[in-house]
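User: I am new to this structure. Please take a close look at how its helices pack together, and then fit the surroundings around that.

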Amino acid sequence: MPPIFQSRAIKAAALVGSGLASFSHTRRAAEATILTFHGLCENTGDPGILDWSLHLPMEMFRRICALLADGYRVIPLVDLIEAQNKRQSLPPNAVVITFDDGYKSNFKLAHPILKKFDLPATIFVTTGFIDGEELLWFQRVDLALGRARKETIEWKINGRKLRLLLGTRALRQQSLMQLMPEMKQLPDADLLGEVGRLEQALGVDTPLPPDLPAPMRPLTWEMIREMKAGGLVEIGGHTHTHPILSQCDPTAMRAEIFTCRDRIRAETGAQPVSFAYPNGREEDYTHGTMLLLREAGFQCACSMVNGRVGEEAPLLQLPRYGSPESVWEAEATASGAFETLKEWRQSCLKAMSLI
Ligand SMILES: [Zn+2]
């Protein structure tokens, strides 16, 4: 587990144990929290995947859902949009559950848990992935490093030379963490070519969708229609091929948004109203992206910038939190304790600067 997660986990436990979470639960009840999940897994023992951060164990998800069902009001994302549009207040302690990418485990593992606790959720789907046309590009990078037959490789990217060590599983994971930030800086037009060259250099075949390890597999449109018909799941857009939109030229950006919308509309019979930006940092989308989303009929878009949703939150830049990895972290996030701590820290620093 990377140190950043360890420190967040320890901080979460301290916030819950100290009572700050229950203080925030009351004091910050008017704000909403949007949580982001990706896939779920039955266990984390599959050595075929290097990055397990996208696949939360289902038992942890079940425990987080039990916490949310007990102490919070889990609402559909569309209710949050409506309240913002009508300038109405949200129910106290509102939480929205979202999933990104469109993994099969959303249907197989998450949906039965959502049904058990009667919790609504939005799944943001990458439509080309669901169509079975292609793997997500970052899955190909993960599998290429995981399946490489070499012990080491020198890789030139963005004017830098990386030495990727592949001798052990731990080294392969480190190499993946080293390479991914560089890949994300590439113009989208160059990205798939770079992934193909990497596969070639590492001596691995480009995997086909049936080759994917189980947790990486996509939903089918049949599964999506079944969940949607069940009434708890809303389907939102997450582009067609999962590029970082700010790295796309205007034509490609438009195609990613409109193809995604059109595929969802064709397969579900409904216009999607919500969207999630791939990668989701502020630099991963532009003002032009937001204009295209509006033109395509999307009413809201979620980022991955951490924050609470207050009355003033802009609908096309809704903040979200990443997947909690423990019940304590879910409690510290949903209650607003992390934000309270951040504000206290800032006011302390401000006071100290005045002394
Ligand atoms: Zn994604």
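Analyst: What follows starts with the helix packing, then turns to the cores and to three loop residues. Keep in mind that this is a predicted model.

Start with α3, which spans residues 58-71. The axes of α3 and α5 come within 10 Å and cross at roughly 25°. An angle under 35 degrees counts as roughly parallel, so α3 and α5 are roughly parallel to each other. The crossing of α3 past α5 is right-handed. Which residues meet here? From α3 come Met 58, Phe 61, Arg 62, Cys 65, Ala 66 and Ala 69. From α5 come Leu 109, Ala 110, Ile 113, Leu 114 and Phe 117. Sorted by class, this contact has ten nonpolar residues, no polar ones and one charged.

Now follow α5 to its next partner. Helix α5 covers residues 105-117. It packs with α10 at an angle of about 25°, and the two axes are 10 Å apart. Because of that angle, α5 is roughly parallel to α10. On the α5 side, the contact is made by Asn 106, Phe 107, Lys 108 and His 111. On the α10 side, Met 223, Glu 226 and Met 227 take part. The contact of α5 with α10 holds three nonpolar, two polar and two charged residues.

Helix α10 leads on to α11. Here α10 is residues 221-230 and α11 is residues 250-268. Their axes come within 10 Å and cross at roughly 70°. That makes α10 roughly perpendicular to α11. This crossing, too, is right-handed. Trp 221, Ile 224, Arg 225 and Lys 228 of α10 touch Arg 263, Ile 264, Glu 267 and Thr 268 of α11. In this contact, three residues are nonpolar, one is polar and four are charged.

Next, the cores. The largest nonpolar core has 39 residues. Phe 61, from the α3 contact with α5, is among those with the most contacts inside this core. Leu 68, Ile 97, Phe 99, Val 125 and Leu 219 belong to that group as well. Take Ile 97 as an example. Leaving out residues up to four places away in sequence, Ile 97 touches Leu 35, Phe 37, Leu 68, Val 74, Leu 114, Leu 119, Pro 120, Ala 121 and Thr 122. One of these, Leu 114, is also a residue that α5 brings to α3. There is a second, separate core of 34 residues. It includes Leu 143, Leu 145, Ala 148 and Leu 179.

Three loop residues complete the picture. Thr 126 sits in the loop between β6 (121-125) and α6 (127-130). Its relative accessibility is 0%, so Thr 126 counts as buried. Beyond four places in sequence, Thr 126 touches Asp 101, Leu 136, His 238, Thr 239, His 240, Thr 241 and His 242.

Asp 284 lies in the loop between β10 (274-276) and α12 (287-295). Asp 284 is buried too, because its relative accessible area is 1%. Again leaving out residues up to four places away, Asp 284 touches Ile 244, Leu 245, Ser 246, Pro 278 and Asn 279.

Gln 271 is in the loop between α11 and β10. At 30% relative accessibility, Gln 271 counts as partly exposed. Apart from neighbours within four places in sequence, Gln 271 is in contact with Arg 261, Arg 265, Ala 296, Gly 297 and Phe 298. Gln 271 and Ala 296 are 25 residues apart along the chain, with their C-alpha atoms separated by 9.3 Å.

Technical notes. Residues numbered from 1 in each chain as written. Predicted model: local features only at pLDDT ≥ 70, side-chain atom pairs only at ≥ 80, totals over all residues. Heavy atoms only, no water. Core = buried A, V, L, I, M, F, W, Y, C linked by side-chain atoms within 4.5 Å. Buried < 20%, exposed > 50% of the residue type's maximum accessible area, 1.4 Å probe, protein only. Contact = heavy atoms within 4.5 Å. Axes fitted to C-alpha atoms, helices over the stretch in contact; angles between N-to-C directions. Helix = DSSP H or I, 4+ residues; strand = E, 2+ residues; numbered from the N terminus. Parallel < 35°, antiparallel > 145°, perpendicular 65-115°, else oblique. Left-handed = near helix turned anticlockwise from the far one by under 90°. Nonpolar A, V, L, I, M, F, W, Y, C, P; charged D, E, K, R; others polar.
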